[in-house]
Amino acid sequence: MSYQKPRSQNDYKDLIWSLAPLVLICLVIAGIASQCSFSTGGPKQGKIPDFNAKAALTDDAHLMSFPIRLPALPDTDPNKWTPNSGSHDTITGNGGGDTSTVGYITPEGTYMQLTQSNATVEALAKKYAPSHSSTATGTQQHGGHMWSIYAEQGAEPAWITDFGDVRVLIKGAGNGAAFDTLATAVGQAQPLPRD
């Protein structure tokens, strides 16, 4: 007959000895599946997905009922902006409309979003601004346009401007220079051909 302690006498050492084989098994399985790695220098930037922003925005210019602009952003190192994603959406409700969004990775490795839409400024702010604010906290002049800034502590700021026939939103984790660069590039861009 084997000796077994009553449960009331088990302590943390018994718990650790019980969990150690399970942790070891999990590490072996993760290693076999190549889903984890160890790096002494800390995490490293992964490969940025390839996304053809020019082709995507050219297609959107044919499909959308509003003008689409392709900003001329730096595309050579060390100042390279890399497009990494794109999407369409529809904002429902009052002042809503269709959106065309392209995401970029800045030279500093932060994400910036460019959204072009026929929705109203208020509808864009309600969907994308921090805490869905409808009140701008400031303004900036870039690329010949006045941008309304929606910002609050601890949230990514959003800048929105009205081009008359289209509204443009930029948002992301970039620094002030990233917002300035993207706002200026969009402001200077001409609408892509629609046919």
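**Entry 1, the pocket.** I looked up what kinds of residue line the largest pocket, and the lining divides into eight nonpolar, one polar and three charged residues. I was working on a predicted model, and I noted for this pocket a volume of about 250 Å³. The lining is made up of A53, K54, L70, P71, L73, P74, D75, K80, W81, T82, P83 and Y104. When I sorted the lining by element, I found that α2 and β1 each supply at least two residues.

**Entry 2, a cis bond.** I then checked the peptide bonds and found that the one from D77 to P78 is cis, with omega near 5°. I wrote this down with the reminder that most peptide bonds are trans. P78 sits in the loop between α2 (53-63) and β1 (82-91).

**Entry 3, strand β7.** I asked myself how many residues of strand β7 (residues 167-172) are buried. Six of the six are, so the strand is largely enclosed by the rest of the structure. In a regular strand the side chains alternate between the two faces of the sheet. I therefore listed the two sides separately, with R167, L169 and K171 on one and V168, I170 and G172 on the other, and both faces of β7 are covered, as these residues are all buried.

I next looked for the partners of β7. Strand β3 (residues 111-117) runs antiparallel to β7 and is joined to it by six bridges, with Q113 opposite K171. Strand β6 (residues 158-162) also pairs with β7 in the antiparallel sense, over five bridges, and here W159 stands opposite I170. The hairpin of β6 and β7 has four residues between the strands, and in it I found G164 with a positive phi near 95°.

**Entry 4, the nonpolar cores.** I looked up the largest nonpolar core, which has 26 residues, and noted those with the most contacts inside it as I68, W81, Y104, L114, W159, I170 and L182. At least two residues of this core come from each of α2, β2 (97-105), β3, β5 (145-150), β7 and α4 (176-188). The largest share, six residues, is that of α4. A second, separate core has twelve residues, among them I91, A123, I160 and L169.

**Entry 5, W81.** I returned to W81, which is one of the residues lining the largest pocket and one of those with the most contacts inside the largest core. Leaving aside residues up to four places away in sequence, I found that W81 touches L73, P74, Y104, I105, T106, P107, M112, A178, T181 and L182.

Conventions
Residues numbered from 1 in each chain as written. Predicted model: local features only at pLDDT ≥ 70, side-chain atom pairs only at ≥ 80, totals over all residues. Heavy atoms only, no water. 1 Å grid on protein atoms, 1.4 Å probe; cavity = no way out; pocket = protein on both sides within 12 Å on 5 of 7 lines; lining within 4 Å. Points joined across faces, edges and corners; volume = space filled by probe spheres on them. Nonpolar A, V, L, I, M, F, W, Y, C, P; charged D, E, K, R; others polar. Buried < 20%, exposed > 50% of the residue type's maximum accessible area, 1.4 Å probe, protein only. Pairing = 2+ DSSP bridges. Core = buried A, V, L, I, M, F, W, Y, C linked by side-chain atoms within 4.5 Å. Contact = heavy atoms within 4.5 Å.
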